[in-house]
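Here are my notes on this model, as numbered points. Please read them with the structure open.

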Amino acid sequence: QVQLVESGGGLVQPGGSLRLSCAASGNIKRVYDMGWYRQAPGKQRELAAITNTVGSTNYADSVKGRFTISRDNAKNTVYLEMNSLKPDDTAVYYCQARISMVSVTDPMNYWGQGTQVTVSS
């Protein structure tokens, strides 16, 4: 079994900052891409940021220059540093990782339970 556990969400004022963390645990052989998706009320889930095993990154246009994704491969953990937050960033943020388990040949996508980020004055 593999679990992704997120932390760091909360309420913040516009212009503020938050840092999300997501740690993968379980019978892991290798972690491939790790990313953060978000889903606002009434909208589809969308990619916010993603990083691969060598640290290459890709961001949604709406968060470029404000969000930074990083990872600690030794800890199987991915982070999302969010700055200059706007009300439009309000959403449930989900961690996603492509992971192969020790007993399974093909990697699979796993999701965290989600953490709420609310940007409001």
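1. Start with one rung of the ladder. Thr68 has Glu81 of β8 as its bridge partner. The model is a predicted one, and the pairing should be read in that light.

2. That rung belongs to a longer contact. β7 is joined to β8 (residues 77-82) by six bridges, and the two strands run antiparallel. Together β7 and β8 make a hairpin, with four residues between them. Asn76 sits in the turn and has a positive phi of about 50°.

3. β8 has a second partner. Six bridges link β3 (residues 18-26) to β8, again with antiparallel strands. Here Ser21 is the bridge partner of Tyr79 in β8.

4. How covered is β8? Mostly: five of the six residues in β8 are buried.

5. Now the whole sheet. The sheet is open and has four strands, in the order β1-β3-β8-β7, with antiparallel pairing. β1 (2-7) and β7 (67-72) are the edge strands; each has a single partner, so one side of each lacks a neighbour in the sheet. On average, neighbouring strands of this sheet are turned by 15° against each other, direction ignored.

6. On side chains in such a sheet, one general reminder. In a regular strand, side chains alternate between the two faces of the sheet. Please keep this in mind when viewing the strands.

7. Next, a loop residue to inspect. Arg66 lies in the loop between β6 (57-59) and β7. Is Arg66 buried or exposed? The relative accessible area of Arg66 is 10%. The cut-off for buried is under 20%, so Arg66 counts as buried.

8. What does Arg66 touch? Leaving out residues up to four places away in sequence, the contacts are Glu81, Met82, Asn83, Ser84, Leu85, Lys86 and Asp89. Glu81 is also the bridge partner of Thr68. With Ser84 there is a polar contact: the Arg66 side chain reaches the Ser84 backbone oxygen at 3.0 Å.

9. A second arginine deserves a look. Arg45 lies over the face of Tyr94, at 3.7 Å from the ring centre. Arg45 also lies over the face of Trp111, at 4.8 Å from the ring centre.

10. Last, ring pairs. How many aromatic pairs does the structure hold? There is one. A pair of aromatic rings is described by the distance of the centres and the angle of the planes.

Note on methods:
Residues numbered from 1 in each chain as written. Predicted model: local features only at pLDDT ≥ 70, side-chain atom pairs only at ≥ 80, totals over all residues. Heavy atoms only, no water. Phe/Tyr/Trp six-rings, centres within 6.5 Å; stacked < 30°, edge-to-face > 60°. Lys NZ or Arg CZ within 6 Å of the ring centre and 35° of its normal. Pairing = 2+ DSSP bridges. Axes fitted to C-alpha atoms, helices over the stretch in contact; angles between N-to-C directions. Buried < 20%, exposed > 50% of the residue type's maximum accessible area, 1.4 Å probe, protein only. Polar contact = N/O pair within 3.5 Å; in protein donor to acceptor, adjacent residues only side chain to side chain. Contact = heavy atoms within 4.5 Å.
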